[in-house]
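Reader: Could you take me through one part of this model at close range? I would like to see how a pair of packed helices is put together, and then how that part sits in its surroundings.

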Amino acid sequence: MRTRESTLWTWHLIAGAAILVLLGIHMFIMHLGDFFGIVQGDVLGWASVIERSKEVAFVVIYVLLLGAALYHGLYGLRTIIFELNIPERAERVISVLFVLGGVALFIIGVYGTFVAYSYVAPAVGV
Amino acid sequence: MQDSGFRTNRLGLMGWVSGGRYGVERYAYTLHRLTGLAILAYFLLHIFVSSSRALGEQTWARVMGYLSSPAFKVGEFLVYLAFAYHALNGIRLVLTELGFFLGTPRQPLFPYSNCVKKQRPVLVVVMVVAAVIVIIGGVDFLRTFSGE
């Protein structure tokens, strides 16, 4: 019989597997991208950051990674806290706070991603 | 979860350190939780740092300038270490949770068997892979420090 908690835990594992792939790509790009010629110049330089931000593939990777990492991390922290025998009411409060906090952080991250995607370089005066 | 006030975890956080005959795998799990907490703390800050690119080039340059100090670079490498360990040990935990590398259940008859003989090689393999990942990433961090 599947319970709500077992479903949440299953998604925790699925998010972990997704992070393994997506964060692996992100780490490879950020730390070995210039070594393998995938990234030109400073990987944290403005031009390089904007170039990646305007690629649809990176937008998709970043949004998925953000969602998966927020869920995986906050669910893990929730599990650790719940193990400490806190009252049932506190469990409900923590669950609500983590959902609200996670959604807020997700919105902030997605907003930043889409603003960068829509970035138009300022015109250079002649 | 708590049920009718009955405490299901009497050791609390001390249970992460000691609570009986803990083996290597138990401490690997404790380290998994600690690295997870460290990664979560870093990640929450990382969301705000990365989102600062939405505020323009000058803000981004200012933030990157602040984070370019050696202390932050060392901290970043520590987060990378935590990621490598947490990811590889996580693979092992998922395999364990799904019942792999545990052996078939059998009656406790002499000569006794346990799953440690099957689990320990898995732990060794994932730690070796994690070490390789750390070394590869360490090369990049050293290049950063040397200014390449």
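Author: Happy to; what follows is a close look at one helix pair, then at its chain and at the partner chain.

A word on the ground rules: this is a predicted model, so local features need pLDDT of at least 70, side-chain atom pairs count only at pLDDT 80 or more, and totals for chains, interfaces and linings use all residues. Residues are numbered from 1 along each chain as its sequence is written, while chains are lettered from A and ligands numbered from 1 in the order in which they are written.

Let us start in chain B, with α3(B) and α4(B). Two packed helices are described by the angle between their axes and the distance between the axes. Here the axes are 9 Å apart, and the angle is about 160° (axes are lines fitted to C-alpha atoms, for helices over the stretch in contact, and angles run from 0 to 180 degrees between N-to-C directions). Therefore α3(B) is roughly antiparallel to α4(B), a label for angles over 145 degrees, with under 35 counting as roughly parallel, 65 to 115 as roughly perpendicular and the rest as oblique. The crossing of α3(B) over α4(B) is right-handed, that is, the near helix is turned clockwise from the far one by less than a right angle, where anticlockwise would be left-handed.

Which residues of α3(B) and α4(B) meet? From α3(B) come, among them, B:Phe77, B:Tyr80, B:Leu81 and B:Leu88, and from α4(B) come residues including B:Val122, B:Val126, B:Ile133 and B:Phe141. Contact means that C-beta atoms, placed from the backbone, lie within 7 Å. By class, this contact has 17 nonpolar, 5 polar and 2 charged residues (Ala, Val, Leu, Ile, Met, Phe, Trp, Tyr, Cys and Pro count as nonpolar, Asp, Glu, Lys and Arg as charged, and the others, Gly among them, as polar).

Now step back to the whole of chain B. It has 4 helices and 0 strands, where helices (H or I, at least four residues) and strands (E, at least two) are DSSP runs numbered from the N terminus. The radius of gyration of chain B is 21 Å, whereas a compact globule of 148 residues would have one near 15 Å; the value is taken over C-alpha atoms, and the globule rule is 2.2 Å times the number of residues to the power 0.38. Its C-alpha atoms fill a box of roughly 70 × 45 × 25 Å along the principal axes. Buried residues account for 14% of the 148, with buried meaning 20 or more other C-beta atoms within 10 Å of a residue's own, exposed 12 or fewer, and partly exposed in between, all C-beta atoms being placed from the backbone.

How many residues of chain B are in contact with chain A? There are 25, and they touch 29 residues of chain A. Both helices of our pair take part: α1 (24-51), α2 (57-66), α3 (70-97) and α4 (116-145) of chain B each give two or more residues to that side. The most comes from α1(B), with 8 residues, and the side as a whole has 11 nonpolar, 9 polar and 5 charged residues.

Chain A offers a pair to set beside ours. Its helices α3 (residues 56-82) and α4 (residues 88-117) have axes that come within 10 Å and cross at roughly 160°, so α3(A) is roughly antiparallel to α4(A). That crossing is right-handed, and the contact has 15 nonpolar, 5 polar and 2 charged residues.

Definitions and conventions: Two residues are in contact if their C-beta atoms, placed from the backbone, lie within 7 Å.
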